[in-house]
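Work through the following exercises on charged side-chain pairs with the sequence and the model at hand. Try each task before reading its solution.

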Amino acid sequence: MWNKLGNIYKASNDHKSLLSHASNPTAIHLEDNTFRVFYCGRNQEHQSSVGHFDFDLEAMTVVNDPKLPAFESGPPNSFYSHGVSLGCVYSVDNTPYLLFMAWQIHGNNHWRGDIGRLKLESGGSLSLDPDGPFIEIDGIVDEVSLSYPWVIYEDGTYKMWYGSTIDWTSENGEMVHVINYATSKNGVDWERHGLAIPWDLGVAQAFSRPCVIKQDGFYNMWFSYRSGTGEKYRIGYARSLDGISWSRELENSGIGVSKQGWDSEMVCYPFIFDHKGQKFMLYNGNGHGKTGIGIAKWKK
C-alpha cells in the first residue's frame, strides 16, 4: 500500500501563467536526494503552462522554487493553444523528453487533445521538438482525442500507454476515455495496437494519466479514473504479464481519498519513481491539482 507523507507543494504564484494549480507532477532526478518536479499551473482562463520546483526527498522540503514558467501554453490556433498537461519523461539516444497532452479549442467545437513533445535542454529549459504534434488522432484507432502518455524502453522497444477518447458522452453523461497501447523501435514512429485496459460504464470509463512500472515479473499500472456515477477522480490499478493484456484491479491501487483535508474529495494524476531502492508516488488531490501535490511511499 501507499503511505501518504503529506502535501509537499501548493500553488502560490503571481506569474500570470501559474496563478493556480500544480497538476500532473513529473519528477526528474538531479543529484543526490534532489529531484526537479515539473507541474502544470493555470492562468485566469484555465490554460495550463509548465512550472517547476526542486525537492529534497530526504529532508522532504522544497529547496528551489523559481515560480516562473518553464514552458507556456501556445499562441491562438496552435495545437497547444489552451494548455500543456504533462504525461511522462523518456529518453531517445540519451536525450530526455517530456511528453504532454496538448489542449486546443477551435471555434465552438469541443476541446481536443494531441500528444506533444518537449526537449529537456542541458540548462533545464524546455523546447518543442517537433514544433507540431508528436502524435495526432489517426481516424482509425484514435478517432476523437488523445491524452497523457507513459513510455518505457525495454528489449529494444519503446512501449507507450496513452489516453484515447471514444465518445464525449455515454448513457450516464460521462465521457468514455480509455487507455490504449502503442510500440516503437526508434521512439518517434509509433504502431498503435488499440485498447489496453478494460472499461465498463458506471465502473471505470474515464481514464487518464497511466503510470507503468515493471516489477516482480509484472507490468504494474496506476492511473486516474472516474466511474461515471458522479464520483470524482480516484487512482486505480491494473497489472499484466506482457504489457498488452491487463487485469483491472481498481481496489488494489493502495491509495484513496483521505477523511479530511486537501485530498479528501479526489486523488489523481499519479507519477511513480524509484530512489535508493524505494518507490514513491507524486499525485494530486482536490480540484485536479488546485490544492497542490502530495507524496506517498510504497509499503509492502
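Buried means under 20% relative accessible area, exposed over 50%, and partly exposed in between, with a 1.4 Å probe and protein chains only. This is a predicted model, in which local features need pLDDT of at least 70 and side-chain atom pairs count only at pLDDT 80 or more, while totals for chains, interfaces and linings use all residues. Residues are numbered from 1 along each chain as its sequence is written, and side-chain values use heavy atoms, with hydrogens and water left out.

**Exercise 1.** Determine which parts the salt bridge between Glu136 and Arg112 ties together.

Solution. Begin with the contact: a salt bridge (a side-chain nitrogen of Lys or Arg within 4 Å of a carboxyl oxygen of Asp or Glu) joins Glu136 and Arg112 at 3.8 Å, N to O. Next, place the partners: because Glu136 lies in the loop between strand E9 (126–128) and strand E10 (146–154) and Arg112 in strand E8 (residues 112–120), the pair ties together parts 24 residues apart in sequence; strands (E) are DSSP runs of at least two residues, numbered from the N terminus. Then consider accessibility: Glu136 is partly exposed at 39%, and Arg112 is partly exposed at 25%. Finally, widen the view: Arg112, Asp114 and Glu136 are linked in a network of salt bridges.

**Exercise 2.** Decide whether Arg117 is buried or exposed, and describe its salt bridge with Asp129.

Solution. First, the side chains of Asp129 and Arg117 meet at 3.9 Å, N to O. The pair links distant parts of the chain, with Asp129 in the loop between E9 and E10 and Arg117 in strand E8, 12 residues apart. Lastly, Arg117 counts as buried because its relative accessibility is 6%, whereas Asp129, at 24%, counts as partly exposed.

Note on methods:
Helix = DSSP H or I, 4+ residues; strand = E, 2+ residues; numbered from the N terminus.
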